[in-house]
Amino acid sequence: MKIGIVCYPTFGGSGVVATELGMALAASGHQVHFITYDLPVRLEKTLENVFYHEVRVSDYPLFDYQPYELVLTSKLVDVVKYEKLDLLHVHYAIPHASAAYMARQILRSQGINIPYITTLHGTDITLLGKDESFEPVITFAINESDAVTAVSESLRQDTLKFFRVKRDIKVIPNFICEEEYNVPVLENLKRSYAPNGEFILTHISNFRPVKRVDDVVRVFELVRKKLPSKLLLVGDGPERSHVEKMCRESGLGTDVIFVGKMKQTTDILRLSDLFLLTSETESFGLAALEAFAAGVPVISSNTGGIPEVNIDGYSGYLSGVGDVAKMATDAISILSDVERYTQFKENAKEVARKFDLKKVLPLYIDLYRSVL
Ligand code: GMT
């Protein structure tokens, strides 16, 4: 098949999933065309069957806001037509689903049929989508899609609750490639973060308010009172300066390490002892799944789709959103009990295996075939 993938190229989970999916499809012989405004972060290597089409919005002085969606639509029309694509798979509803709808209509008027599949990832539904300035367009573009998928049952339910969606939504969960995590721990790097063998707690996100990174720091403050530990904060985003200020004022000093953005997080996860995910809402929690793949138990909130990934008392612990005290107690108890901790690490890997690429890729391929 010749598949066009539209996604955000940035550090969000939806872009990561779209890119990993595209690369896996290409590796299994399909031709994949990424169509977006920048090279997707995970698309580092030159790969057979992978092509990239950049959407360039010119800086026309008349516009205060450049019409990205229209330029994307024109690019979709062009790529579908000249690369002879079989289908479009758009990740994140806004504005990708409506651009795909428009492209499909334009192409239809020229006698070309191109189905589009929309994959809902989370904030396109749970935060932005509910905003009435987007809602009618999203509802329409979802209903018009040839197939719709959501990354968790929780997100499927939210979509049905918040939108007048008349069509089936298939749950296809996010995935990891287990083999990629079978790498040794980088002991020198680990020592550079934790020179005295301190526990390493890690959080990875785009530092949006929804991630409640303050809570991560509060949990860490409590853990650090009981156990020698370091906190690695990976990523960047709107809350970073605030969190940095908070850490400086709390006297956490060099025990909190702001690592910044990273294209690959495997090495950091492999050297981590515990992963913290304190989000207000999270449709899936890909970062938690990646931690599991690296054999790292997760302390998380019990919101959205997280309980579909993190099994309470098995691969980690779940707590109410904002229940920093319980999260810290759970973290201390698991890190203090070597036998239980070792079992949780095994359990984490076991959970990750359920979401391996080998199991999830055929679900997308079957779906593609069903719409063609
Ligand atoms: O979490 C983010 O802020 C990024 C966002 C995205 O769309 O890139 O992530 C969403 O999609 C991920 C991949 O499907 C999910 O694992 C995340 O849970 C989801 N984020 C939220 O629901 C907040």
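**Around the ligand, then out to the domains**

Let's start right at the ligand: one of its oxygen atoms lies 2.8 Å from a backbone N or O atom of Ser 14. That counts as a polar contact, meaning a pair of N or O atoms within 3.5 Å. Before going on, keep in mind that this is a predicted model, where local features need pLDDT of at least 70, side-chain atom pairs count only at pLDDT 80 or more, and totals for chains, interfaces and linings use all residues. Residues are numbered from 1 along each chain as its sequence is written, and side-chain values use heavy atoms, with hydrogens and water left out.

Side chains join in too. His 121 has a polar side-chain atom 2.6 Å from a ligand oxygen, and an N or O atom in the Glu 282 side chain is 2.6 Å from an oxygen atom of the ligand. The protein covers 95% of the 490 Å² of accessible area (Shrake-Rupley method, 1.4 Å probe) that the ligand has on its own.

Now look at the whole shell. The ligand is surrounded by 18 residues (a heavy atom within 4 Å of it), and the closest are His 121, Asn 206, Arg 208, Lys 211 and Glu 282. By class, that shell has four nonpolar, 11 polar (Gly counts here) and three charged residues (Asp, Glu, Lys or Arg).

Zoom out, and the protein divides into domain 1 (2–175 + 357–371) and domain 2 (178–353), with bounds from an automatic or database domain assignment. Their C-alpha centres lie 30 Å apart. The contact between them (heavy atoms within 4.5 Å) takes 23 residues from domain 1 and 19 from domain 2. Back at the ligand, each domain supplies at least three residues to the shell.

Notes:
A polar contact is a pair of N or O atoms within 3.5 Å; within protein, one must be able to donate a hydrogen and the other to accept it, and residues adjacent in sequence count only if both atoms are side-chain atoms.
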